[in-house]
Amino acid sequence: MKNAVVTGGGSGIGQAIAARLRADGYHVATIDLKPSDDEYAHAADVTDRAAVDAALNAIRAQLGPITVLVNAAGMDCFKRFTDVTFEQWQKVVDVNLNGVFHCIQAVLPDMLEAGWGRIVNISSSSTHSGAPYMSPYVAAKSAVNGLTKTLALEYGPAGITVNAVPPGFIDTPMLRAAAEKGYLGDIEKTIEATPVRRMGKPEDIAAACAFLVSEEAGYITGQILGVNGGRNT
Ligand SMILES: NC(=O)c1ccc[n+]([C@@H]2O[C@H](COP(=O)([O-])OP(=O)(O)OC[C@H]3O[C@@H](n4cnc5c(N)ncnc54)[C@H](O)[C@@H]3O)[C@@H](O)[C@H]2O)c1
């Protein structure tokens, strides 16, 4: 049985990905600031390399080598560019980009040893078109897409695929919190403007991840697979 780690597995999209992979027969461990009650839930901040290493070592001790990694931990930020302080910029880049760096770099040795691996990075549909008042977030998530393409080239020969899923308009606590603060406009109007006429569910993202980490997706790497109800093509 394969061992999978899902960051951000304590809420929303990451939680749905962890549940789906568990249902598909993987041993799943999660890493989150706020861990769930799951057996293999670990509390760690993905921006803290020592904490990430400690969590991964604990998971290795529990389950063995990790050959599937889904990076879903993330935070948003809504501010006019000129109002963004450098500290805020750094924080958003730290969580959304540097956290992905730490987790991939820390897990890769297991995949290289196994000669097989699957990495999926959850970026954002805002990388397709930009998003006003989200400059550090979109910059960081766009960098995640670029990192995905580059690592696919570096590690394809080692049997490791690296893909990104940029979600759009998924009903999660993050999106609801942004909506409550008035950052997303009228949700019903957005649904009307969405080709499939509904919000996305965390399970929609989990289904894409489940496919990308599967054996049969082995010829798919370096791809950015949008899951957004047709809002971005
Ligand atoms: N919901 C959407 O429509 C949407 C759209 C585009 C991208 N995304 C991305 O999808 C991912 C999941 O988002 P969600 O909507 O499920 O949000 P969410 O807030 O429900 O879940 C995010 C999880 O990440 C964890 N997290 C945040 N910072 C962390 C850190 N430093 N270390 C460890 N864990 C941390 C949080 O504790 C939380 O459990 C994020 O990367 C987000 O940017 C979501």
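At what angle do α2 and α3 pack, and how far apart are their axes? In this predicted model, α2 and α3 pack at an angle of about 35 degrees, and their axes are 10 Å apart.

## The α2–α3 contact

The crossing of these two helices, α2 and α3, is right-handed. On the α2 side the contact is made by Arg49, Val52, Asp53, Leu56 and Arg60, which meet Phe101, His102, Cys103, Gln105, Ala106, Val107 and Asp110 in α3. Sorted by class, the residues in the contact of α2 with α3 comprise 6 nonpolar, 2 polar and 4 charged ones.

Two of the charged residues listed in this contact, Arg60 and Asp110, also form a salt bridge, in which the closest N and O atoms are 2.9 Å apart. This pair links distant parts of the chain, since arginine 60 belongs to helix α2 (residues 49-63) and aspartate 110 to helix α3 (residues 86-114), with their positions 50 residues apart in sequence. Arginine 60 is partly exposed, at a relative accessible area of 23%, whereas aspartate 110, at 11% relative accessibility, counts as buried.

## Other salt bridges

How many salt bridges does a search of the whole structure find? The search finds 8, and one of them joins glutamate 215 to lysine 2, with the closest N and O atoms 3.6 Å apart. Because glutamate 215 lies in the segment after α8 and lysine 2 in the segment before β1 (3-7), this pair ties together parts that are 213 residues apart in sequence. Lysine 2 has a relative accessibility of 31% and therefore counts as partly exposed.

A further salt bridge is formed by aspartate 171 and arginine 176, whose closest N and O atoms are 2.7 Å apart. Both partners are partly exposed, aspartate 171 with a relative accessible area of 31% and arginine 176 with a relative accessibility of 36%.

## Nonpolar cores

The largest nonpolar core has 29 residues, and those that touch the most other members are Val5, Ile31, Leu56, Ile59, Leu69 and Ile119. At least two residues of this core come from each of β2 (27-32), α2, α3, α5 and β6, and the element that gives the most is α3, with 9 residues. Leu56, named among these core residues, also appears on the α2 side of the contact with α3.

Which residues does isoleucine 119 contact, once its neighbours within four places in sequence are left aside? Isoleucine 119 is in contact with Leu69, Asn71, Ile104, Leu108, Met111, Ile160, Thr161, Val162 and Asn163. Apart from the largest core lies another core, of 25 residues, which includes Ile17, Leu21, Val28 and Val120.

## The buried side of α8

In helix α8 (residues 202-212), the buried residues are Pro202, Ile205, Ala206, Ala208, Cys209, Ala210 and Leu212. An α-helix has 3.6 residues a turn, so residues three or four places apart point the same way. The cover over the buried residues of α8 includes α1 (12-23), β4 (68-71), β5 (117-122) and β6 (160-165).

## Positive phi in two loops

Most residues other than glycine have a negative phi. Tyrosine 133, although not a glycine, has a positive phi of about 65 degrees, and its place is in the loop between α4 (126-129) and α5 (135-155). With a relative accessible area of 44%, tyrosine 133 is partly exposed.

Phenylalanine 169, likewise not a glycine, has a positive phi of about 60 degrees and is placed in the loop between β6 and α6 (173-180). Is phenylalanine 169 buried or exposed? At 11% relative accessibility, phenylalanine 169 counts as buried, because the limit for that class is under 20% relative accessible area.

## Threonine 190 and its surroundings

Phenylalanine 169 is also one of the contacts of threonine 190, which, leaving aside its neighbours within four places in sequence, touches Phe169, Leu184 and Arg231. Threonine 190 is found in helix α7 (residues 187-192), and at 18% relative accessibility it counts as buried. From C-alpha to C-alpha, threonine 190 and alanine 106 are 39 Å apart in space, while in sequence they are 84 residues apart. Alanine 106 is one of the α3 residues that meet α2.

Notes:
Residues numbered from 1 in each chain as written. Predicted model: local features only at pLDDT ≥ 70, side-chain atom pairs only at ≥ 80, totals over all residues. Heavy atoms only, no water. Buried < 20%, exposed > 50% of the residue type's maximum accessible area, 1.4 Å probe, protein only. Helix = DSSP H or I, 4+ residues; strand = E, 2+ residues; numbered from the N terminus. Contact = heavy atoms within 4.5 Å. Salt bridge = Lys/Arg side-chain N within 4 Å of Asp/Glu carboxyl O. Axes fitted to C-alpha atoms, helices over the stretch in contact; angles between N-to-C directions. Left-handed = near helix turned anticlockwise from the far one by under 90°. Nonpolar A, V, L, I, M, F, W, Y, C, P; charged D, E, K, R; others polar. Core = buried A, V, L, I, M, F, W, Y, C linked by side-chain atoms within 4.5 Å.
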